[in-house]
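Me: I am new to this structure and would like to go through it step by step, with the reasoning spelled out. Please look at it with me before we begin.

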Amino acid sequence: MRSHAGFNKLIAGLFVIGAIGGLYFQFASHKFLNNDTLAYINIAERYAAGDWPHAINGYWSPMYSWLLCICHLTGLPLLQSCYVINFIAAALNLYVISALARRYLTHRMFYGAFGLYALLILLHSAMSTLTPDLLAAFFCFWFLYLVTDKDFAFNNRLPWLAGIAAACAYFAKSYNFLPLNMALATWLLAALIKKKAAGKKQPLPLIKTYGIFLFLSLLWIGALSIHENKLTFSTAGRFNHNLVGPYYRNAFPTNTQLLAPPFEEAYSIHTNPASLLNDYDWSPFNDTRSFHHQLLLIINSIRGLIIIPDGTGAKWLVLLASLLLIFINRKKIHTNTASGIHKVVFFCLCYPLLYLPLFVIDRYILVYIVLFHLLLFFIAQTAGVFINKKIFVPAVAIIIAFSIVPFVRAAQRKLTHSTAEYAYYSNFYRRLPQFSFLQNQAIASDRYSMVEATQLCYYFNCRYYCTSTDYQYQSLKKFKIRFLIAKNDLSSFSFLHERGKILLEKETVYVYEIR
């Protein structure tokens with residue numbers, strides 16, 4: 001069997017091959033950006049221009065825009081910078097996750113299996129949406145790696161680094177402020193309770209870490225609160241709460257109506273949509289309907305937490321069987337064999353908790369997904385001590401191998417889908433020069449052309465007024481919109497005059513001038 005070092009080299013090599021291939025296809029085809037990415041780019045440009053009132057934004061986490069601002073100031077193209085940042089963040093994740101796993105997965109089979117799962121998860125994430133989720137996950141894993149170090153209570157440097165890592169995790173994703181506070185407050189309380197038995201020094205490192213985290217976080221919270229005229233660490237929570245509420249039963253607001261950009265240099269209202277749903281405030285305690293609606297959201301979110309990391313149920317079967325074995329043999333387990341594992345378990349459980357009242361998607365709970373797999377293999381490894389290895393190890397290997405089938409199928413689907421996608425990206429990009437007349441123009445789109453309109457905003461600095469659903473002349477002219485992007489032939493409307501179209505393999509993108 002290969003050593004851990006051998007597995008590390010193998011996984012690193014596979015990652016490099018995947019990263020080179022992924023970056024090649026993204027650069028060659030000019031992979032599309034989505035609304036979220038365009039918003040981060042827009043904010044980065046405001047930072048670079050010194051436009052602080054519009055750069056400080058409570059809806060989008062700041063770190064991604066800070067990095068893009070640096071890229072912008074050094075003359076790097078921002079969309080391509082997003083490609084590279086995603087893969088750098090994935091590489092950092094793989095490095096720190098592997099370091100964390102080496103503490104707990106001593107059996108080479110379990111360590112190697114976890115490494116392959118982590119590799120697949122991170123490469124998939126890096127090749128998907130251009131958002132800061134990978135960056136945020138890295139800082140969470142780095143924080144967890146530091147606080148679970150056996151020398152954490154005795155090394156003066158580790159608490160400081162852990163506090164910085166926690167603050168960076170908040171800057172990278174505002175949501176992280178909540179689970180980090182939950183984790184640090186709980187661990188500190190537990191340390192204070194055990195203070196007499198464990199020695200007076202034990203709570204001090206956690207106090208340092210928590211203090212540094214709060215101090216650095218408050219620098220941004222202070223600036224944001226002044227900007228918003230209220231104490232807040234993020235303005236996204238209220239919007240997302242209302243978006244899934246019982247009173248607003250519709251798609252994202254920018255997909256359903258015409259909306260003006262919030263300021264002159266904004267590409268669209270998506271740069272700061274925080275106040276769009278303020279009229280739909282609700283509480284689960286308003287009435288019976290709201291309470292039942294909240295319960296349904298929580299049930300759906302819990303279902304997502306079960307299905308997303310394991311669609312087959314094979315991994316849950318291994319986990320439950322292993323836990324049963326451990327429970328039966330609990331008196332034989334040495335409690336000091338896995339220092340800090342209780343912190344990993346707690347962080348894994350508390351991380352997705354505050355998504356439960358809303359909704360979960362895989363990129364939001366990337367930290368939970370990776371830690372789920374780490375704990376799965378750790379628990380299976382621990383249970384393997386109490387059963388014949390000639391039976392247990394092959395059985396676990398077969399069941400876990402079976403659970404890889406959805407990964408393979410998903411990869412197959414993604415490869416097929418991506419091949420068509422990249423061809424579409426390339427064709428669209430090649431035809432962009434014929435639409436240079438859209439430079440600095442006000443545009444809207446139909447509900448099927450929002451992605452294409454987003455690309456036009458990036459390349460031609462258009463101002464995007466979101467979605468026209470009724471194609472009425474008065475509603476379009478109310479916002480002084482000059483061009484409409486559509487995937488349907490709208491030549492029957494007398495006020496729409498075709499200025500050009502992009503003939504793609506399976507569809508046509510029309511550009512109409514409104515006269």
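The questions and answers below deal with the domains, the salt bridges and one helix residue of this predicted model.

Me: Which residue ranges make up domain 1 and domain 2?
Reply: The model is a predicted one, and the domain assignment divides the protein chain into two named parts. Domain 2 is given as residues 430-514. Domain 1 is put together from several stretches, and these are 9-283 + 334-345 + 362-371.

Me: How many residues does domain 2 bring to the contact with domain 1?
Reply: The centres of the two domains, taken over C-alpha atoms, are separated by 34 Å. In the contact between them, domain 1 takes part with 25 residues, and the number from domain 2 is 22 residues.

Me: Which three residues supply 35% of the area that domain 1 buries against domain 2?
Reply: Between domain 1 and domain 2 an area of about 1800 Å² is buried, and carbon and sulfur atoms give 61% of it. On the side of domain 1, no other three residues supply as much of the buried area as the trio that gives 35%, namely F32, L258 and Y267.

Me: How many residue pairs are in polar contact across the interface of domain 1 and domain 2?
Reply: Salt bridges do not contribute here, since the count between domain 1 and domain 2 is zero. Polar contacts are found across this interface, however, and the number of residue pairs, both at pLDDT 80 or more, is ten.

Me: How many residues on the side of domain 1 that touches domain 2 are nonpolar?
Reply: Helices α2 (35-48) and α5 (78-104) each supply at least two residues of this side of domain 1. When the residues of that side are divided by kind, one is charged, nine are polar, and the number of nonpolar residues is 15.

Me: Is D36, which forms a salt bridge with R363, buried or exposed?
Reply: The closest N and O atoms of D36 and R363 are 3.5 Å apart, and the pair links distant parts of the chain, with D36 in helix α2 and R363 in the loop between α15 (341-350) and α16 (366-383), 327 residues apart. R363 has 22% relative accessibility and therefore counts as partly exposed. For D36 the relative accessibility is 15%, which lies under the 20% cut-off, so D36 counts as buried.

Me: Which residues are joined with D36 and R363 into one network of salt bridges?
Reply: The rule counts twelve salt bridges. Some of them share partners, and in this way D36 and R363 are joined into one network with D133 and K173.

Me: What is the N to O distance in the salt bridge between R515 and E513?
Reply: E513 also meets R482 in a salt bridge, at 3.2 Å from N to O; because E513 lies in strand β5 (residues 508-514) and R482 in the loop between α20 (473-478) and β3 (483-486), that pair ties together parts 31 residues apart in sequence. E513 is buried, with a relative accessible area of 8%, whereas R515 is exposed, with 51%. For the side chains of R515 and E513, the N to O distance is 3.4 Å.

Me: Which residues is L119 in contact with, leaving aside its neighbours within four places in sequence?
Reply: L119 is found in helix α6 (residues 108-126), and with a relative accessible area of 5% it is buried. Once the neighbours within four places in sequence are left aside, L119 is in contact with I11, L14, F15 and L94.

Conventions. Residues are numbered from 1 along each chain as its sequence is written. This is a predicted model: local features need pLDDT of at least 70, side-chain atom pairs count only at pLDDT 80 or more; totals for chains, interfaces and linings use all residues. Side-chain values use heavy atoms; hydrogens and water are left out. Domain bounds come from an automatic or database domain assignment. Contact means heavy atoms within 4.5 Å. Buried area is the accessible area (1.4 Å probe) that two parts lose on being put together, summed over both. A salt bridge is a side-chain nitrogen of Lys or Arg within 4 Å of a carboxyl oxygen of Asp or Glu. A polar contact is a pair of N or O atoms within 3.5 Å; within protein, one must be able to donate a hydrogen and the other to accept it, and residues adjacent in sequence count only if both atoms are side-chain atoms. Helices (H or I, at least four residues) and strands (E, at least two) are DSSP runs, numbered from the N terminus. Ala, Val, Leu, Ile, Met, Phe, Trp, Tyr, Cys and Pro count as nonpolar, Asp, Glu, Lys and Arg as charged, and the others, Gly among them, as polar. Buried means under 20% relative accessible area, exposed over 50%, partly exposed in between (1.4 Å probe, protein chains only).
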